[in-house]
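Hi everyone, thanks for making time. I'd like to walk you through a structure that's new to most of you, so here it is on the screen.

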Amino acid sequence: MKTSKKTVSVILPNFNGRELLEEFIPSIIEALTFSKIEYEFILVDDQSTDNSVDYIKNHFPSIILVENKINKGFSFTCNKGIEIAKKDLVFLVNSDVKLSIDYFEQQLKYFEMNETFGVMGQIKNYESHKTEDHARFPRFKGVKLKATKFYYSTNSSEKVFTTYLSGANALICNQKLKSLNGFDEIYSPFYFEDFDLGLRAWKMGWKLYYEHQSICFHKVSATTKNLNKSNLVNRIYYRNSFILHAIHLNGFRKKIWYSQLFTSTLLWHLIKGEFWIIYSLIDFLKNKKKIQESITKIKKMQLELNITIGIDNILSIFKNSLKNKSIKWI
């Protein structure tokens, strides 16, 4: 029996993306229209200082506009949209992403399976068309959890798992996303919130997929380019990496990881003159209570679902999923 077509709530977080909005919103609408999807479009503005808000009001009056009173970062901004999303699926998309017109054609089928949490497509560079993001395979490097190994199947009929869904183009079951309370805002203002969301979904027994035939194009904004080189961004990046590991590791790996964190990890950065690592650690320690709250929420939800899945179980699921598939590693 063929299932009815799902409806979609588009959620686009924006901060000073006026020119990007003009360039890329039409491609999102065109892709939804091409696939005949009923949708609502929610834009959450994170207190932009350009004229993004006025532009949306004047040129896209049908878009539901939510304005943050203060700048709060990616997780909070997306969650504001998730709270009011009313459709079956939530499509999280960045302001610097252009969708191919048939982007959704291969995506809705995944939600015919009850265990699907979400699916993402292939991300290509806007200028060079070189692929930036495929499916991500999880692994341990020492005691650190990594998802930096890319892969996909050369057989379009084979389904491929991914560790997490890029916040740039994630199509997610609204009900499941709300049950996880969206992104964990402990990671504000940015970095690792999508990784964490993916791990929490896997721990609930849900599946995250990568669809190689769905393609979008990523144009890095000038704001992001400027941020990437700053010590503040490095400080946030490492703080959030520490938080992710503190939440999701357990047992002997967690003990070893903590031991390394305050010895070899700290020393290595100091030797390189990266003294901002001290502030990353201080910020991490300040979040001790919130980290425990996040751990407790995961355990409580697993108890309610009568499920016990840890990182080792997730890695086993990925390894077993490769059997008899036409996998290409990147």
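One bit of vocabulary before we start: buried means under 20% relative accessible area, exposed means over 50%, and partly exposed is what lies in between. Also keep in mind that this is a predicted model.

Let's use that vocabulary right away on N16. This residue sits in the loop between β1 (8-14) and α1 (18-34). Its relative accessibility is 25%, so N16 counts as partly exposed. The backbone there is worth a look too: N16 has a positive phi of about 55 degrees, although it isn't a glycine.

There's another residue like that, H129. Its phi is positive as well, about 65 degrees, and again it is not a glycine. You'll find H129 in the loop between β6 and β7. With 46% relative accessibility, H129 counts as partly exposed.

While we're on the backbone, go to the loop between α4 (174-179) and α5, which is where P189 lies. The peptide bond from S188 to P189 is cis, with omega near 10 degrees.

That loop leads us to α5. How many of the residues of α5 are buried? The count is 11 of 11, so to speak a helix that is mostly covered. The list of buried residues includes charged ones, by their letters E193, D194 and K203, along with W202 and F195. Just after the helix, G205 takes a positive phi of about 90 degrees.

Now, α5 (residues 193-203) has a partner in α7 (residues 231-248): their axes come within 11 Å and cross at roughly 10 degrees. An angle under 35 degrees counts as roughly parallel, and that makes α5 roughly parallel to α7. Who does the touching? From α5 the contact uses F195, D196, L199, R200 and K203, and from α7 it uses L244, I247 and H248.

Next stop, G81, over in helix α3 (residues 74-84). Is G81 buried or exposed? It's buried, at 0% relative accessibility. Leaving out residues up to four places away in sequence, G81 touches I11, I42 and V44. For a sense of scale, G81 and K144 are 63 residues apart in sequence, and their C-alpha atoms are 32 Å apart in space.

Another buried residue to look at is H134, in the loop between β7 (131-133) and β8 (135-141). Its relative accessible area is 7%, so H134 is buried. Which residues does H134 touch, if we skip those up to four places away in sequence? They are M120, Q122, F150, Y151, Y152, Y210, H212 and I330.

On to salt bridges. The structure holds 10 of them, and I've picked three to show you.

The side chains of D133 and R136 meet in one of them, at 3.2 Å from N to O. Both D133 and R136 are buried.

Then there's K109 with E211, at 3.9 Å, N to O. This pair links distant parts of the chain: K109 is in the loop between β5 (97-99) and β6 (116-125), E211 is in strand β12 (residues 207-218), and they are 102 residues apart. The two ends differ in cover: K109 counts as partly exposed at 29% relative accessibility, whereas E211 is buried at 3%.

My last one is D312 with R253, where the closest N and O atoms are 2.8 Å apart. Here too, distant parts of the chain are linked, with D312 in helix α11 (residues 311-321) and R253 in helix α8 (residues 251-271), 59 residues apart. At 41% relative accessibility, D312 counts as partly exposed, while R253 counts as buried at 18%.

Let's finish on the outside. Which residues make up a nonpolar surface patch of about 390 Å²? F275, I278, Y279 and I282 do. Take I282, which lies in helix α9 (residues 276-286). The relative accessible area of I282 is 38%, so this residue is partly exposed.

That's my tour, so over to you for questions.

Notes. Residues numbered from 1 in each chain as written. Predicted model: local features only at pLDDT ≥ 70, side-chain atom pairs only at ≥ 80, totals over all residues. Heavy atoms only, no water. Patch = residues over 30% accessible without salt bridge, like charges linked within 9 Å, V, L, I, M, F, W, Y side chains within 5 Å. Areas by Shrake-Rupley, 256 points an atom, 1.4 Å probe, with all protein chains shown as cover. Salt bridge = Lys/Arg side-chain N within 4 Å of Asp/Glu carboxyl O. Helix = DSSP H or I, 4+ residues; strand = E, 2+ residues; numbered from the N terminus. Buried < 20%, exposed > 50% of the residue type's maximum accessible area, 1.4 Å probe, protein only. Axes fitted to C-alpha atoms, helices over the stretch in contact; angles between N-to-C directions. Parallel < 35°, antiparallel > 145°, perpendicular 65-115°, else oblique. Contact = heavy atoms within 4.5 Å.
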